[in-house]
Amino acid sequence: MSTQRWTEQGWALVQLMLLVYFSHSEELVCWQIGDAENPQLSKDGDIILGGIFSFHGSWKIRQDTYMQKPLPLGCTSLIFRQFQCAQAMIFAIEEINNSTDLLPGISLGYKIYDDCHSEAKSVRAALALANGNEVVSAPTETQCTRPGQAQAFLGGSASSPSMAMATVIGPFHVPLISHFSTCSCLSDKTKYPSFLRTIPSDYYQSRALAQLVKHFGWIWVGAIRSNNDYGNNGLATFIEIAQQLGICLEYSVSFFTTDSSAKIKKIIDTIKASTSKVIVTFLSATDMNVLLHALSQYNLTGYQWVGSGPWIIDFQTAEMDTHHILDGAIGLSVPKAHVSGLKKFILDVKLLNSSNHKLFTEFWETLFNCKFKQSNSSAENQRECTGHEDLTGVKNSFTDMSFMPILNNVYKGVYAVAHALHSIFECNETCNYNVQLDPYTILQHIRKIHFKTKEGDEVYFNENGDPAEKFEIINWQPTENGIVDFVTVGHCDASLQADKQLSLQLESCIWAQNSKQVPVSVCSEKCPPGTRKVLQKGKPVCCYDCIRCAEGEISNMTDSITCERCHPESWSNDRRDACVKKEAEFLSYEEIMGALLTAAALFGTCMTAVVAAIFFTYRTTPIVRANNSELSFLLLLSLTLCFLCSLTFIGRPSEWSCMLRHTAFGITFVLCISCVLGKTIVVLMAFRATRPGSNVMKWFGPAQQRLSVLFILAFLARKLPDNFNEAKLITFSMLIFCAVWITFIPAYVSSPGKFSVAVEIFAILASSFGLLICTFIPKCYIILLKPEKNTKKNMMEKGASKQF
């Protein structure tokens, strides 16, 4: 067995060596591996331009068994718009060939492929255009090198296929000019060096949409995007600009044509649960049509739709909106255009029959809902086609010319290549045919072109391969017969200054539910002057509460985030939106509060005078003499002055009253406290001096008592005999005094204007009444009502029953 295995392997090695030998002894032959990729439409010429359009929108899903060669992609769902694009390309080529001014003596040809909206098929078409399908023999030294089949490509009906094609052909510098690929990512020349386009980038479109939304005051919006490069990149740019403009997204959901009904239902539920009334969309026309069907099932009306280019001017989308969900929609579109002769050329579809009978048959059957005799269609309700039907009266997306701005982009792309070739061949009356064409040279000349079409449109590319950033603002306005009219209500030119980029005619706009009023979509209403914004916890910056400015602070503009403090000589008005010069606010005698406080002060003064008279009358009695009558009279005088000084706080303030009232109050109150201190020490020392051999009192005579300065030794006298009440009375008065002035501080700080004066007067009167009542009233009670207890024996007796 081992010998047999070695024999088989040796024979295989010999066969391989012979194959290599004979292959090198012959000329090299180049051929394409796999099936040839043939164009749907073609025409010979001196120079070939390639076209790649999505004649079909989808394809049949086939399960490969891997037992045989996979079948070609089965394309379905004919798209008439893409036929218009292909015919616009052919029209431009025919017009150039018939011109004597552009490329004289040189004929342009074309090869147009269908990519079925598939990235894989787009790449196959691009490679077929670049390499060719025919077998070519070449000398050994050239190693199969030869010019490409097409010198430049037109097409890429969506961003994702264009990205795939540009990635493949970019390293070879083959120009690819797209009429409808808007993804801003394609402006990156490091990734896509040979890509150009005649439609503005999503970056400018997204920025313009954000400015449009901000212009109408819609700062609280929802967003729906196609789940592809166009939708994801477009919305990402919109969010970036929107955040700078103060716009917030309540939700952002993605969507694709093939999504399940459950996912679409989830999007519907998100819209229903939202509070925003404006929905910004980055959707292709196909995705919008599928979503619109779901919206119609749930009758989701009343929302203001803001759209981007693909669906905002799509006739089929408007025709599908039978529930008027999109009425009043507003969005951006490529500026309207007119190419003379193009409409007539497009409606002459006999050209298709001469180029590709199979494609013409499918196109004609779909257009007229009929079938040819040779067709395999099994539909019984279809009539028979002749191929000579009249398009007059036919109304569908093929006969509708609202797509003309995009067709104009295809037209300009062909002319851009022609002008580049005209420059390369140094054409004047004739062209220099000796110039060797190569893709890189063509690409460099296309980037430099700058011309005007016969309709006056300016064509050029910037350093990123993008055209001028100009848009029309389109408004969906339903007519009486139920047909939607795409009305231009403004323009946007990104090349102008920021404040002049948007130009709108609001009076001609129709909004959601046929309203003439601009819808409102905010999370929180604007904060008026006199208030400031405070963010709501856990919510975007567009959601906030409006808090009134504090006294002495103002905000004089809408949606202020802070309140400014007024100058010290000014004060905030009632609305808190302006500072006004301070008015003299005072507590007058005519007010009820002023009158009551005046009466209390006068009553306290009279009461103090009565006590003083009683003490003077009974100055020789033991209870008056027990604690130095001189200090008692001094204290009564101080209390009288305290009551009277409170009157200086009432009435219109003057310069002398403002200086006098606090000074007078401070002096009289210090005098009161000093008297209380003196009385406290006298009581304390008197009982300490009763001990045998004590000579304390000689150090605290009348002179020393007058020099007392502190209200706190009353605590030391708390254990004196029960019948001697002086210490207790002092303690009670000090407790009331402390309670009053401790509560005074917060009350005074929090009281505005004249009420702070009332608080201060109340504190003075309360503490004065506290000292007067707690210190002197009990003694007056004994003097007047209990004279039998006003004896020295009763005052000094120990162990006696407790008395007041």
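Let's start with the crossing of α18 and α22, which is left-handed. Keep in mind as we go that this is a predicted model. Helix α18 covers residues 629-645 and helix α22 covers residues 754-785, and the two pack with their axes 9 Å apart, at an angle of about 155°. Angles over 145 degrees count as roughly antiparallel, so α18 is roughly antiparallel to α22.

Who touches whom here? On the α18 side you'll find Ser632, Leu635, Leu636, Leu639, Cys642 and Phe643. Facing them from α22 are Ile764, Leu765, Ser768, Phe769, Leu771, Leu772, Thr775 and Phe776. If you sort the residues of this contact by type, you get 11 nonpolar, three polar and no charged.

Now stay in this area and bring in Met607, which sits in helix α16, residues 592-617. Which residues does Met607 touch, once we set aside those up to four places away in sequence? They are Phe769, Leu772, Ile773 and Ile777. Two of those names, Phe769 and Leu772, you have just heard in the α22 side of the contact with α18. There is also a link to Thr640: the C-alpha atoms of Met607 and Thr640 are separated by 8.9 Å, with their positions 33 residues apart along the chain.

On to a second helix pair, α3 and α4. Helix α3 runs over residues 119-131, and its axis comes within 9 Å of the α4 axis, with a crossing of roughly 40°. That angle makes α3 oblique to α4. As for the hand, α3 passes α4 in a right-handed crossing. From α3, the residues in contact are Glu119, Ser122, Val123, Ala126 and Leu127, and they meet Ser160, Pro161, Ala164, Met165, Val168 and Ile169 in α4. This contact divides into eight nonpolar, two polar and one charged.

If you follow the chain out of α4, you come to a loop leading to β9 (176-178), and His173 is found in that loop. What is the sign of phi at His173? It is positive, about 60°, although His173 is not a glycine. For context, most residues other than glycine have a negative phi. His173 counts as partly exposed, because its relative accessibility is 28%.

There is another residue of this kind for your backbone checks. Asn299 is not a glycine either, and its phi is positive at about 50°. Look for Asn299 in the loop between α8 (285-297) and β14 (304-307). With 47% relative accessibility, Asn299 counts as partly exposed.

Now, buried or exposed: what about Val221? Val221 belongs to strand β11, residues 220-226. Its relative accessibility is 0%, so Val221 counts as buried. Leaving out residues up to four places away in sequence, Val221 touches Val213, Ile247, Cys248, Leu249, Glu250, Tyr251, Ser276, Val278 and Val280. One more distance for your notes: Val221 and Gln304 are 83 residues apart along the chain, and their C-alpha atoms are separated by 9.7 Å.

Let me finish with the whole chain. How many helices and strands does the protein chain have? The count is 23 helices and 28 strands. Of the 804 residues in the protein chain, 49% are buried. The chain exposes about 40900 Å², and carbon and sulfur atoms supply 58% of that area. That's my tour, thanks for listening!

How values were computed
Residues are numbered from 1 along each chain as its sequence is written. This is a predicted model: local features need pLDDT of at least 70, side-chain atom pairs count only at pLDDT 80 or more; totals for chains, interfaces and linings use all residues. Side-chain values use heavy atoms; hydrogens and water are left out. Axes are lines fitted to C-alpha atoms, for helices over the stretch in contact, and angles run from 0 to 180 degrees between N-to-C directions. Helices (H or I, at least four residues) and strands (E, at least two) are DSSP runs, numbered from the N terminus. Angles under 35 degrees count as roughly parallel, over 145 as roughly antiparallel, 65 to 115 as roughly perpendicular and the rest as oblique. A crossing is left-handed if the near helix is turned anticlockwise from the far one by less than a right angle, and right-handed if clockwise. Contact means heavy atoms within 4.5 Å. Ala, Val, Leu, Ile, Met, Phe, Trp, Tyr, Cys and Pro count as nonpolar, Asp, Glu, Lys and Arg as charged, and the others, Gly among them, as polar. Buried means under 20% relative accessible area, exposed over 50%, partly exposed in between (1.4 Å probe, protein chains only). Accessible areas come from the Shrake-Rupley method with a 1.4 Å probe; for residues, only the protein chains shown count as cover.
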